[in-house]
Structures are given as structure tokens and as C-alpha cells.
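Reader: Could you walk me through this structure slowly? I am in my first year and would like to ask things as we go.

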Amino acid sequence: MSAAKRLPPGWWLLVLGFPLATLILVIGGFLVAAQGGFIAFQVPRDDTTTVPTDAAALERGRYLARIGDCAGCHTVRGGQPLTGGRGFASDWGVLYSTNLTPDPATGIGAWSPAEFRHALQHGVSRTGLLYPAFPFQHFQYLQQADVDAIFTWLRSQPAVVAPTPANTLEWFAGWRPVMFGWRMLFHRPLPLPPAPDRSQAWLRGRYLVEGLGHCAMCHGHRGAYGSQPLPLRFAGGRIPRQGWVAPALDGASLSHWNVADLADYLRIGMAPQGSAFGPMAEVVHSSTQYLTQADAEAMAQYLLELPPVRIAPAYRDYPLPHARSQIDVRTAALYEKHCGDCHGDDGRGQAPFYPPLAGNPQVTASDPVNLIRLTLVGAAAPTTAGNPAPHSMPPFVNRLADAELLAILNYVRGSWGNDATVISRRQLEEVRAMPVE
Ligand code: HEC
Ligand code: HEC
Ligand code: HEC
């Protein structure tokens, strides 16, 4: 072979390298564009915008901050409101919420309104790229006037010096720029689609449910790396690290509800169909109880019109027997002795104080973690203006042996027309091992 015909060393790099580099650039460019280009990363520091600070703006800001539950996440249990420091555990370590009081050094006292808008709408602040435990993916839908009102109200609160504890995230997750890659894969800054044929109430309900209320944060299915796939945002599922199931929220899953009862559930924490417990009781207590009747009804209307999305249930990998095959006079007697006084021997409860167990999807859910856990640890509906002295349910964790508990749980899963699968000893043990927060 002559020298002229021989290919230069590394020829394949040239031949493959060029198209490969182009492909990487095109995909990278597309993903950067899809997550909103670079606007999000330009935090406006020096800014002279002013926001209204009159009494009406303050009152509005207070209302909106409650519905956004800022204090719920930015307060440690029993701590001073809005001073941050509440830990959020994830597979990658613990992240802490920040001080939202107007202290200039440790809070938002030195922030401009534009900086605050930017943090809520883009999830980037002077701290850097924020993690999605902060609901910026929902707050991105907020109207500017609402964000400004929240800012005004926060700035009117007492300033408290409260440095945010250092996050204990794994080195890789703890390096904020890594969120740039996360955003390319999982964040899509798109406005809510126009819906000209919808009523004002529906639009308002959508704004509150999808945006400020960030309901999908618990009621959505979790994808890889803590992402929240948009089409599955109301498909329900276990809340990561909490051991509670947030049920699906859509017209079909909520078919046993109506607008008035759902609005009551959100404002009072109690309705003839069921009452709020676990994390939802906290949400009602710190946030939704303050909804105006009109806003609560708007949210209910929006939820009841959501089309259902189905995903494979967690507990269907192998066929389980029906719970009703385990029912006999002995199990009925156990139920009547321990639960019947409140929930009725017929399982119909006493509306609205003692929720029904018959026909209750919380009881027949394919993943029975809520039923087991609630029976172990007991529950109290949230204290609200509409229910100032809530009734409570005692814990049965030390009161019943495992065999008795299983007998009762399977009795309620298979009686009065309920037709769910059995709860196994393994499932009971799994829930027993969950930490009580
Ligand atoms: C579901 C919990 C949750 C809710 C609800 C929530 N936050 Fe946060 N927020 C967080 C967490 C966690 C962080 C820390 C994020 C980080 O460090 O990346 C944070 C960070 C922030 C930051 C950035 C602070 C900084 O120093 O960079 C601002 C601003 C903020 N939140 C404002 C609000 C406001 C206003 C509301 C109510 C409308 C609110 N948050 C509701 C959890 C929450
Ligand atoms: C912190 C997590 C969390 C957030 C945020 C949350 N939920 Fe829930 N929700 C739950 C859990 C857990 C349950 C199941 C326990 C119960 O029924 O009380 C639940 C139950 C419900 C139910 C009862 C469904 C049924 O079939 O019984 C409704 C309705 C509901 N949530 C609506 C909402 C709305 C609207 C929002 C937003 C404003 C919201 N939730 C925000 C965790 C949450
Ligand atoms: C002293 C009265 C009382 C007894 C006894 C009692 N419960 Fe309850 N139960 C309640 C109250 C009150 C609630 C509402 C709690 C809340 O909203 O946090 C409730 C809620 C529930 C729920 C959730 C229903 C929903 O959708 O809101 C289930 C499931 C349940 N109880 C099962 C049982 C079982 C099983 C037993 C017997 C082992 C039992 N309860 C014994 C009072 C009682």
C-alpha cells in the first residue's frame, strides 16, 4: 500500500468525532432551551422596584402566604414562625429550609422585590440554584402581584436572626450547580395553558391547586431523582420518606365527593366521606383552613374535573387473596369491640366526626399503608375554626397483638361491600418499622 493511501493515525476520531460533538451540542442546546435558557440564572441583585405596602396588600399577602404554606415548611416544629431550619430528608441527605423573616443577614431583609420574584418564579436566588424541595416548579405559575404581596407581608413580620443549618447532602448532590443538569432533564418553565372556555372558578381553582397550593408535591407520582413528572402530578403514591400515601386526586378517584364536601374537607378538615389525618392534617391546619369559601369551592371544582391518570399500583406484583375470605364471627367481634363504638358496627361511622370505613377508598387502597399506620399510631383531625375540638382516634400499637390487628384490618377491608386484598403480616411489619415523626 502506498503512503498516500494510508489513513492518518486517529482518523476515526475525526470521522466519528465531528458528528458526535455536533449531536452533543444539539441535544445540550435543546435541553438548555427546554429548561428556559439562561434567564433563570441571572439573579437581579440591584433593583429599585417598589411593591405596594398598604393594608390591603398586607392582608392579601398574609392570605396568599398561608395558602402557599410558607410557614408550614419554613418553621421547625414548635419553633418561631418563618425562621426556617426545618429539615427535609431525601435519598441524598438532609436539606434545610431558610429564614424568611426580614433579618438582613440571615433572612430576606436585604432582598429586593425582583430577587424575591426571581426565587419564586425561577427557583434561583443569591444562594444559587435551589432544590425542588422548595416548590418553585409550582410557584412558577404565580402572578407577579401575588408574589409581591407575599413579599410585602413577609417583610412586615418580626425580624429574627436565624442562620440556616448547613445541609448534609452527599457531596455530589450538595454542589448546587448540579441542579443545572437536573433542570435540563426535569424542569419545564411553561405557563399554565390558556383555557378560554373555562369558568372563572375553574381557572381560580387551577391557579390555587397547580400553583400556590403545590398540592402535586405530595399527591403526585415521584420519578427519578426527586422529579415530579407533569402528566402524573395527581396520580397519587407514597410520599418519599414519610410512609404515608397521598391518594390520587381526579374526578374518578374523588367520585364519592362533591364540591361542597370537598370544600369542607379543605377548610374544616372533616367531611362525611373522611377526615384529614397524617400530613394532610398538617396541610389543613397550617394552610387550607384559611381558604375563603369561594376559593375552597374553586379548588374542589377543579379537582373534580381532573381527568384520571392510572399508573400500576405498587402492590399488584403477585395475586393476593381477598380480605373477605378471612372474615368470621371472631373477627367481627374484635372489630366491634375496638372500633365499632366510633365507626359503627355497620362501618358507616357517625358523620362528620367519625369517618365511615364502608366504601372508603382509604380503607380499600391497594397500598394499605395509611390504614395500617393510622390504626397503629392513632389520629386526631386538625383543629380548625370549623372544628375547634376535633375528636380523636386512640393508637392501637400497644393495645392489640399482631394477629388481632391483622384480623381487624382484614375485617374492615372485606366487610360491608368493601372488597380489597388481604393485608399480610409482612406489610404490617413494614409499617411497624417506619419511624413515627
Ligand atoms: C414544601 C416545603 C416548602 C414550602 C411550602 C415553601 N418552601 Fe420555601 N423553601 C423550602 C426549602 C426546603 C428551601 C431551601 C431550598 C434550597 O436550599 O435549595 C426553600 C427556600 C426558599 C427560598 C430561597 C431562600 C434563599 O435564601 O435562597 C425562598 C425565597 C422561599 N423558600 C420562599 C418561600 C415562600 C414565599 C413560600 C410560600 C409562598 C415558600 N417558600 C414555601 C421549602 C418550602
Ligand atoms: C404534605 C403532603 C400533602 C400535601 C402538600 C397535600 N396533601 Fe392532600 N393528602 C395527603 C395525604 C397523606 C392524604 C391522605 C390522608 C387523608 O386522607 O387525610 C391526603 C388526602 C387528601 C384528600 C382526601 C382524598 C380522599 O379520597 O380521601 C384530598 C381531597 C386532598 N388531600 C387534597 C389536597 C389539596 C387540594 C392539596 C393542595 C392544597 C393537598 N391535598 C396537599 C398529603 C398531602
Ligand atoms: C374513639 C373513637 C375511635 C375508635 C375507637 C376508632 N377510631 Fe378510627 N377514627 C376516629 C376518628 C375521630 C377519626 C378521624 C381522625 C382524623 O381525621 O385524623 C378516625 C379515622 C379512621 C380512619 C381514616 C378514615 C378517613 O378516611 O378519614 C380509619 C381507616 C380508621 N379510623 C380505622 C379505625 C379502626 C380499624 C379502628 C379499630 C381498630 C378504629 N378506627 C377505632 C375515631 C375512632
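Author: We can go through the domains, the ligands, a sheet and two single residues in turn. Please keep in mind that this is a predicted model.

Reader: OK, which domains is the protein divided into?

Author: The division gives domain 1, covering 42–183, then domain 2, covering 200–304, and domain 3, covering 323–432.

Reader: And how far apart are the centres of domain 1 and domain 3?

Author: Taking the C-alpha centres, domain 1 and domain 3 are 39 Å apart.

Reader: Now the ligands. Which residues are closest to ligand 1?

Author: Ligand 1 has 22 residues around it, and the closest of these are Gly68, Cys70, Cys73, Ser125 and Phe134. The element that gives the most to this shell is helix 3, residues 70–73, which supplies three residues.

Reader: What classes do the residues of that shell divide into?

Author: In the shell around ligand 1 there are 14 nonpolar residues, seven polar ones and one charged one.

Reader: Let's move to ligand 2. Which residues come nearest there?

Author: The shell of ligand 2 has 27 residues, with Gly213, Cys215, Cys218, Pro279 and Met280 coming nearest. By class, 20 of the shell residues are nonpolar and seven are polar, while no charged residues appear.

Reader: Which helix has the largest share of that shell?

Author: That is helix 12, with four residues in the shell around ligand 2. Among the elements that each supply at least two residues are also helix 10 (216–219) and helix 11 (259–268). In terms of domains, domain 2 and domain 3 each give at least three residues to the shell around ligand 2.

Reader: What about ligand 3, which domains does its shell draw on?

Author: The shell around ligand 3 takes at least three residues from domain 2 and at least three from domain 3. In total 29 residues surround ligand 3, and the closest are Gly274, Ser275, Cys339, Cys342 and Met393. Several elements supply at least two residues each, including strand 9 (274–275), helix 17 (369–377) and helix 18 (402–414). The shell is made up of 19 nonpolar residues, nine polar ones and one charged one.

Reader: Changing topic, in what order do the strands of the open sheet come?

Author: The open sheet has three strands in the order 1-2-5, and their pairing is antiparallel. Strand 1 (87–90) and strand 5 (168–169) are the edge strands, each of them pairing on one side only.

Reader: What holds paired strands together in general?

Author: Strands of a sheet pair through backbone hydrogen bonds, in either a parallel or an antiparallel sense. Here, strand 2 (residues 93–96) pairs with strand 5 over two bridges, and Val94 stands opposite Thr168 in strand 5.

Reader: Is Gln273 buried or exposed?

Author: Gln273 is buried, because 22 other C-beta atoms lie within 10 Å and the cut-off for buried is 20 or more. Gln273 sits in the loop between strand 8 (270–271) and strand 9.

Reader: Which residues is Gln273 in contact with, leaving aside its neighbours within four places in sequence?

Author: With those neighbours set aside, Gln273 is in contact with His256, Trp257 and Asp261.

Reader: One last residue: why does Thr48 count as exposed?

Author: Thr48 counts as exposed because it has 7 other C-beta atoms within 10 Å, where the cut-off for exposed is 12 or fewer. Thr48 is placed in the loop between helix 1 (11–34) and helix 2 (55–67). Along the sequence Thr48 and Pro19 are 29 residues apart, and in space their C-alpha atoms are 48 Å apart.

Technical notes:
Residues numbered from 1 in each chain as written. Chains lettered and ligands numbered in written order. Predicted model: local features only at pLDDT ≥ 70, side-chain atom pairs only at ≥ 80, totals over all residues. Near = placed C-beta within 6 Å. Nonpolar A, V, L, I, M, F, W, Y, C, P; charged D, E, K, R; others polar. Domains from an automatic or database assignment. Pairing = 2+ DSSP bridges. Contact = placed C-beta atoms within 7 Å.
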